[in-house]
Amino acid sequence: MQCLAIVIVIVLGLASRKYPQALPAVLGKWPGDALWAWMMFLMVGFLRPAWSTAAVAALAAAICFAVEFSQLIRTPWLVALRDTTLGHLVLGSGFHASDLLAYLVGIALGVAFESMWRARLGRRR
């Protein structure tokens, strides 16, 4: 189920960048950034299923922040990597402090959906 969630979030994130006109212009690229962070939350949770939600969220936030701050590093090989499609999708291209807030929103969405999912499963049992 978690793999499906990861795929859905990736598709939504890519769609938010390919069809930005489908979203309010005031949101800019933040939906894609939030979805990228949510994907990171899901991936960490997938790789560390025994971890608490808080631990997964903390590591996901640390990874997102590290990637964002790494955009301040402008070594030629890293710039060249970021100029590729995959490199741009994974590593971004330029530091924007506002992206940090979008990452926190995306991770908070992941935490909220996980909490709702667990509550729903708890009611079924």
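The following paragraphs lead through a predicted model of a protein chain, from its confidence to its helices, core and individual residues.

The confidence of the prediction comes first. Across the protein chain the mean pLDDT is 91, and 98% of the residues reach 70 or more. Confidence is highest in helix H3 (residues 53–70), with a mean of 97. It is lowest in helix H5 (residues 85–91), where the mean is 87. Where pLDDT is low, predicted coordinates should not be read in detail.

Helix H2 is a suitable place to begin with the fold itself. This helix covers residues 30–47, 18 residues in total. From its first C-alpha to its last, H2 reaches 26 Å, close to the 26 Å expected at 1.5 Å a residue. H2 is also mostly covered, with 14 of its 18 residues buried.

The interior of the model can be described next. The largest nonpolar core contains 20 residues, and those with the most contacts inside it are Trp-36, Phe-41, Cys-64 and Ile-107. Two or more residues come from each of the elements H1, H2, H3 and H6. Among these contributors, H2 gives the most, with 9 residues. Cys-64 shows how such contacts are made: leaving aside neighbours within four places in sequence, Cys-64 is in contact with Trp-36, Ala-37, Met-40, Tyr-103 and Ile-107. Two of the residues named here, Trp-36 and Ile-107, are also listed with Cys-64 among those with the most contacts inside the core.

Aromatic rings provide a further set of links. A pair of aromatic rings is described by the distance of the centres and the angle of the planes. The model has 3 aromatic pairs. One of them is formed by Trp-38 and Phe-113, which are tilted, with 5.0 Å from centre to centre and 40 degrees between the planes. This pair joins distant parts of the chain, as Trp-38 belongs to helix H2 and Phe-113 to helix H6, 75 residues apart. Trp-38 counts as buried because its relative accessibility is 13%, under the 20% limit. Phe-113, at 44% relative accessibility, counts as partly exposed.

Another tilted pair is formed by Phe-69 and Phe-95, with 5.1 Å from centre to centre and 35 degrees between the planes. Here too the pair links distant parts of the chain: Phe-69 lies in helix H3, whereas Phe-95 lies in the loop between H5 and H6, 26 residues apart. Phe-69 is partly exposed, with a relative accessible area of 41%. Phe-95 is likewise partly exposed, with a relative accessible area of 27%.

Attention now turns to Ser-16, which lies in helix H1 (residues 2–18). Ser-16 has a relative accessibility of 10% and therefore counts as buried. A polar atom of its side chain lies 2.7 Å from the backbone oxygen of Gly-13. The side chain of Ser-16 also reaches the backbone nitrogen of Gly-32, at 3.5 Å. Apart from residues up to four places away in sequence, Ser-16 touches Leu-23, Pro-31, Gly-32 and Leu-35.

One of these partners, Leu-23, is found in the loop between H1 and H2. With 31% relative accessibility, Leu-23 counts as partly exposed. When residues up to four places away in sequence are not counted, Leu-23 touches Ser-16 and Pro-31. Pro-31 is likewise touched by Ser-16.

The last residue to consider is Asp-99, placed in helix H6 (residues 97–124). Asp-99 counts as buried because its relative accessibility is 2%. Not counting residues up to four places away in sequence, Asp-99 touches Lys-29, Trp-30, Asp-33 and Glu-68. The C-alpha atoms of Asp-99 and Ala-55 are separated by 21 Å, and these two residues are 44 residues apart along the chain.

Terms used: Residues numbered from 1 in each chain as written. Predicted model: local features only at pLDDT ≥ 70, side-chain atom pairs only at ≥ 80, totals over all residues. Heavy atoms only, no water. Helix = DSSP H or I, 4+ residues; strand = E, 2+ residues; numbered from the N terminus. Buried < 20%, exposed > 50% of the residue type's maximum accessible area, 1.4 Å probe, protein only. Polar contact = N/O pair within 3.5 Å; in protein donor to acceptor, adjacent residues only side chain to side chain. Contact = heavy atoms within 4.5 Å. pLDDT = per-residue confidence, 0-100. Expected span 1.5 Å × (residues − 1). Core = buried A, V, L, I, M, F, W, Y, C linked by side-chain atoms within 4.5 Å. Phe/Tyr/Trp six-rings, centres within 6.5 Å; stacked < 30°, edge-to-face > 60°.
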